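Me: I should like a close look at a single part of this protein, described in connected prose. Please set that part in the context of the whole chain before turning to its residues.

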Amino acid sequence: YPFQKDFINKYKAELENHLEEHLGRNLMDRCHNRISKVYEEMKNEMCGRIQQLMDVQQSAAIGPSQPAIEMQSSFEPIYQIDCQSLFMGFQSQLTFQFSFGPTAMARRFLGPRYSLFLQTLG
């Protein structure tokens, strides 16, 4: 049977990996530019505030053409979605619906008149 427990567990693991990869990539595509822009704005604001707190003599010694403070750190956000915790309560419910059964065929051919057909039978 294709829906044995091992198959379902493998399917869940592959689904988690697929979702983590694609949701993470989608999140990065949508958020990275905005987060980088906000980071740069905050970094510049902090450098400006620290520069204001420095002594006037120390600022004058550095010179007006150079900034007194310059952060030398790299910032790279990591976009990771923990799908495993999202799927902890995943319960598989597999049901089969046959499209060529008598009920399905009657619904397909009769369409909206199917309910009238049932009333005449019952």
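Reply: The account below begins with the whole protein and then follows helix 1 in detail.

The model is predicted, and its confidence should be considered at the outset. The mean pLDDT of the protein is 77, and 76% of the residues reach a score of at least 70. Among the elements, helix 1 has the highest mean pLDDT, 85, whereas helix 2, residues 56-62, has the lowest, 60. Where pLDDT is low, predicted coordinates should not be read in detail.

The protein contains 5 helices and 0 strands, and the order along the sequence is accordingly α-α-α-α-α. Of its 122 residues, 12% are buried. The accessible surface amounts to about 10900 Å², and carbon and sulfur atoms account for 56% of that surface. When contacts between residues at least 6 apart in sequence are considered, 66% of them join residues at least 24 apart.

Helix 1 covers residues 5-53 and bends by about 45° at Cys-31. The residue at the bend, Cys-31, is partly exposed, with a relative accessible area of 25%. The buried residues of helix 1 are Ile-8, Glu-16, Gly-24, Lys-43 and Cys-47. These buried residues pack against helix 3, which comprises residues 83-86.

Two of the residues just named are cysteines: Cys-31 marks the bend, and Cys-47 belongs to the buried set. Their accessibilities place them in separate classes, because Cys-31, at 25%, counts as partly exposed, while Cys-47, at 9%, falls under the 20% limit for a buried residue. A disulfide is a covalent bond between the sulfur atoms of two cysteines. The structure holds 0 disulfides, and Cys-31 and Cys-47 are therefore not joined in this way in the model.

The charged side chains of helix 1 deserve separate attention. Side chains of opposite charge can pair when their charged atoms come close. The count of salt bridges comes to 3, and each is described here in sequence order.

The first pair to consider is Glu-21 and Arg-25, whose closest N and O atoms are 2.8 Å apart. The two residues are 4 apart in helix 1, which means that about one helical turn separates them. An α-helix has 3.6 residues a turn, so residues three or four places apart point the same way. Both partners are partly exposed: Arg-25 has a relative accessibility of 40%, and Glu-21 has one of 46%.

The next pair is Glu-40 and Lys-43, with an N to O distance of 3.5 Å. Both residues belong to helix 1 and lie 3 residues apart, about one turn of the helix. Here the partners fall on either side of the limit for burial. Glu-40 is partly exposed at 36% relative accessibility, but Lys-43 is buried, because its relative accessible area of 14% is under 20%. Lys-43 thus appears both in this salt bridge and among the buried residues of helix 1.

The remaining pair is Glu-45 and Arg-49, for which the N to O distance is 2.8 Å. These residues of helix 1 are 4 apart, again about one turn of the helix. Glu-45 is partly exposed at 35% relative accessibility. Arg-49 counts as exposed, because its 53% relative accessibility is over the 50% limit.

For context beyond helix 1, a buried residue of another helix may be added. Tyr-114 is located in helix 5, residues 114-121, and counts as buried because its relative accessibility is 13%, under the 20% limit. When residues up to four places away in sequence are not counted, Tyr-114 touches Thr-103, Ala-106 and Arg-107. For one of these contacts, Thr-103, the separation from Tyr-114 is 11 residues in sequence and 9.5 Å from C-alpha to C-alpha.

In summary, helix 1 is a helix bent at Cys-31, with buried residues that pack against helix 3. Its salt bridges include those of Arg-25 with Glu-21, Glu-40 with Lys-43 and Glu-45 with Arg-49.

Methods. Residues numbered from 1 in each chain as written. Predicted model: local features only at pLDDT ≥ 70, side-chain atom pairs only at ≥ 80, totals over all residues. Heavy atoms only, no water. Buried < 20%, exposed > 50% of the residue type's maximum accessible area, 1.4 Å probe, protein only. Contact = heavy atoms within 4.5 Å. Areas by Shrake-Rupley, 256 points an atom, 1.4 Å probe, with all protein chains shown as cover. Bend = angle between axes of the 7 residues up to and from the residue. pLDDT = per-residue confidence, 0-100. Salt bridge = Lys/Arg side-chain N within 4 Å of Asp/Glu carboxyl O. Disulfide = S-S within 2.5 Å.
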